[in-house]
Structures are given as structure tokens and as C-alpha cells.
Amino acid sequence: SVWMKNGERFGSDFYSMKYFLILMLAVIAFWCCGEDTVKHIVILEHPEWSPDGNTIAVLKDEYNYGSDGCDCGESASPIPKVIRKKIFLADTNGLILKQLTGEFRNILNHGWSPSGIMLAFTMHGNDRNYFLGIVDSLHHDTLLYEHQLTSKEIHWSPDDSEILYSQLSGSSSQLIARQISGANTRILFEDTTASITSFNWSKGNRIAFAYARQSVNFVATINSIGNDFKILDTTGTN
């Protein structure tokens, strides 16, 4: 009789505890599966070493995602945000990540000057406008030029004084060397039937570039003042 009473008392306490645990789990699930948690997914791309090998410049942007945070069966949903990639500098230990360009700069690509003092960049503005600019390690940036179609690449002259880029002006594909002072701009190559695909500037002040015309691809060189044009090789395949 005593055992039965104790047993009944034990059973009653057990079911009370069970009810309490179920209630607590429901409260936790309700709190956990809410939408209070926000995840930050960081996008990094286009790492560029500085000439001295001590710093890496990257393009970085963040997206905010709403999430339940508890794997409750709800997938993360993006919170709308204007994409604006900024240039950040990181040391080789990855311990310092310093934002170099402003929040309203949407950087498309960038390249170090040979001295490592500046970075050139192309930037997407409003109304489909594109800009060429430079920025130094003190966050001083200057927009040099507005052009119609951004260059896929950007390179410096060996003496840090000029930037090499390409653009599409109307139906004409142009390879351009521009002094950062704005004093001189030279169209080195121009063709209405070709598309410039890549280029580079040597220490000997010759420029190699590739371009395509219809189904034929070319590799050529030209000097930095825009003459002595030579085709090195062609291929009829894409």
C-alpha cells in the first residue's frame, strides 16, 4: 500500500516533469525558429599582391541573410542590398583587413602600381557609366576618366606614370595609355572590327595584347607611343 502510494506519487511527478519539458521545448523551438538571427556572408575575390609581397588587395562585399539559426527546416532568405565591391588591404598574416575605397564605390577590378604606392581601379557608376581611378594607401582616391565600357584588365607603365586600359567607343575597340596626371592620353590601337581581350606592359616599354577579329585571334605588340606594331601569332580557332 505504501509502495503503491509512493508509486502513484512518483508517476504523478514524472508526468508533471514530462509536461514541463515539453512546454520548455516548445518555447525554445518558438524562440529558435524565429527570424532574429542574421548571417553575414562575405564575398572576397580578385586577390592582388603588392610588389613588395607584404600586402594583398582584394575586392570585398557583404550580403545579409535572414535565417532561423537552428536548422528548423527554413532556408536562409537574402535581404535585398545594393552590391558595391570595395578594395580592402590585408597583410600577409591575414590579421589586418583595412577598407581602402568608400561605401559608394562599386569597384570592378584593380591593379597595383609598380612602386606599390597606388592602386588603379575601374568603377561602375550610375546610369551605366564607368570610371577609371586611382587610390593610395591613405584612402585618397581620384577619378581620372569616364568611359563607355569598362576594361577587363588594368595595367601600369613601369614608371607609375600611366595606366593601360581598353574601352569600347561606339563600335571601335581601343587600347589606351593614360597619364595619371591627365596631361596625355594616347590611343595605341583602334579597330572597329576587333575586340581586345587582354594586354600587358613590359618593363622594356613594349605592350603585348590579344584581340579577336571575326573568327581569328591575334597576339601583337606595340610600343608605348603607339607605333612599331607587330603581329606575333594568329589562330583561326576560338
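Student: Before the details, how much of this chain counts as buried?

Tutor: Of its 238 residues, 33% do. Keep in mind that this is a predicted model, with a mean pLDDT of 77 and 68% of residues at 70 or more.

Student: What makes residues 1-10 a stretch to treat with caution?

Tutor: Their pLDDT stays under 50, and the model gives them zero contacts beyond four places in sequence. Helix α1, residues 2-32, also has the lowest mean pLDDT among the elements, 51. Where pLDDT is low, the predicted coordinates should not be read in detail.

Student: OK, on to lysine 86 in strand β4. Why is lysine 86 called buried?

Tutor: The cut-off for buried is under 20% relative accessible area. Lysine 86 has 6%, so it counts as buried.

Student: What is lysine 86 in contact with, beyond its neighbours within four places in sequence?

Tutor: Its contacts include Val58, Leu59, Asp61, Glu103 and Ile107. There is also the backbone oxygen of arginine 84, 2.8 Å from a polar atom of the lysine 86 side chain.

Student: How do you know that β12 and β13 are paired?

Tutor: Pairing takes at least two bridges. Strands β12 (residues 172-179) and β13 (residues 185-191) are joined by six and run antiparallel. One of the bridge partnerships is alanine 177 with arginine 186 in β13. The two strands form a hairpin with five residues between them, and glycine 182 in the turn has a positive phi of about 80°.

Student: Now the rings. How many aromatic pairs are there?

Tutor: Six in the structure. One of them is phenylalanine 189 with phenylalanine 229.

Student: Why is the pair of phenylalanine 189 and phenylalanine 229 called stacked?

Tutor: Ring centres must lie within 6.5 Å to pair, and planes under 30 degrees apart count as stacked. Here the centres are 5.9 Å apart and the planes make 20°, which gives a stacked pair. Phenylalanine 189 sits in β13 and phenylalanine 229 in the loop between β16 and β17, so the pair ties together parts 40 residues apart in sequence.

Student: Is phenylalanine 229 buried or exposed?

Tutor: Neither: partly exposed covers the range between 20% and 50%, and phenylalanine 229 has 36%. Phenylalanine 189, at 10%, counts as buried.

Student: And what makes phenylalanine 209 and phenylalanine 229 a tilted pair?

Tutor: Tilted is what remains between stacked, under 30 degrees, and edge-to-face, over 60. This pair has 35° between the planes, with 6.2 Å centre to centre, and is tilted. Phenylalanine 209 counts as buried at 2%. Phe189, Phe209 and Phe229 belong to one aromatic cluster with Tyr211 and Phe218.

Methods:
Residues numbered from 1 in each chain as written. Heavy atoms only, no water. pLDDT = per-residue confidence, 0-100. Helix = DSSP H or I, 4+ residues; strand = E, 2+ residues; numbered from the N terminus. Contact = heavy atoms within 4.5 Å. Buried < 20%, exposed > 50% of the residue type's maximum accessible area, 1.4 Å probe, protein only. Polar contact = N/O pair within 3.5 Å; in protein donor to acceptor, adjacent residues only side chain to side chain.
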